[in-house]
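Reader: Please take a close look at one part of this model, namely the salt bridges and the helices that carry them. I would like the cut-offs stated along with the values.

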Amino acid sequence: MFENLKDTISDLAYGAVSYAENALKTSSGQTKKRTAIEFVITRIPVPIPFKPIVAMLLATFIDEAIEKAVKYMNQVKNED
């Protein structure tokens, strides 16, 4: 169950980083990261009562997925 969820979280992370960048253009990196994490958590495909539990259990994974997405987005930005 968690493997499918981790794949979904990894996919959501890219959209989350893009959303945070566009929504908070001049905000700090920490604010953008928090926004991206909230974006992922609200879109995790689990029933609402279980979202806080899943978010807590997978907090490190979500954080790493966001960081990976940020690195990728920065790399793509630098290639342009």
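Author: The salt bridges come first, then the helix crossings and a surface patch.

This is a predicted model, in which local features need pLDDT of at least 70 and side-chain atom pairs count only at pLDDT 80 or more, while totals for chains, interfaces and linings use all residues. Residues are numbered from 1 along each chain as its sequence is written, and side-chain values use heavy atoms, with hydrogens and water left out.

Side chains of opposite charge can pair when their charged atoms come close. A salt bridge here is a side-chain nitrogen of Lys or Arg within 4 Å of a carboxyl oxygen of Asp or Glu. The structure holds four of these salt bridges. One of them joins the side chains of Lys33 and Asp63, at 2.6 Å from N to O. Lys33 lies in helix α2 and Asp63 in helix α4, so this pair ties together parts that are 30 residues apart in sequence. Helices are DSSP runs of H or I with at least four residues, numbered from the N terminus.

Lys33 also forms a salt bridge with Glu67, where the closest N and O atoms are 2.8 Å apart. Because Glu67 belongs to helix α4 and Lys33 to helix α2, the pair ties together parts that are 34 residues apart in sequence.

On accessibility, buried means under 20% relative accessible area, exposed over 50%, and partly exposed in between (1.4 Å probe, protein chains only). Lys33 has a relative accessible area of 19% and is therefore buried. Asp63, at 27%, counts as partly exposed, and so does Glu67, at 31%.

Another salt bridge pairs Arg34 with Glu38, the closest N and O atoms being 3.4 Å apart. Both residues lie in helix α2, four residues apart, which is about one turn of the helix. Arg34 is partly exposed at 42% relative accessibility, and Glu38 is partly exposed at 41%. Salt bridges that share partners join Lys33, Asp63 and Glu67 into one network.

Next, the helix crossings. Axes are lines fitted to C-alpha atoms, for helices over the stretch in contact, and angles run from 0 to 180 degrees between N-to-C directions. Helix α1 (residues 2-23) and helix α2 (residues 29-43) have axes that come within 8 Å and cross at roughly 135°. Angles under 35 degrees count as roughly parallel, over 145 as roughly antiparallel, 65 to 115 as roughly perpendicular and the rest as oblique. α1 and α2 are therefore oblique to each other. The axes of α1 and helix α4 (residues 59-79) also come within 8 Å, crossing at roughly 55°, so α1 and α4 are likewise oblique.

Last, the surface patch. Phe2, Phe50, Ile53, Met56 and Leu57 form a nonpolar patch on the surface, with about 530 Å² of accessible area together. Patches are made of residues with over 30% relative accessible area and no salt bridge, with like charges joined within 9 Å and nonpolar side chains (Val, Leu, Ile, Met, Phe, Trp, Tyr) within 5 Å. Accessible areas come from the Shrake-Rupley method with a 1.4 Å probe, and for residues only the protein chains shown count as cover. Helix α3 (residues 51-57) supplies the largest share of the patch, three residues. Leu57 is found in helix α3 and, at 53% relative accessibility, counts as exposed.

Definitions and conventions:
Helix = DSSP H or I, 4+ residues; strand = E, 2+ residues; numbered from the N terminus.
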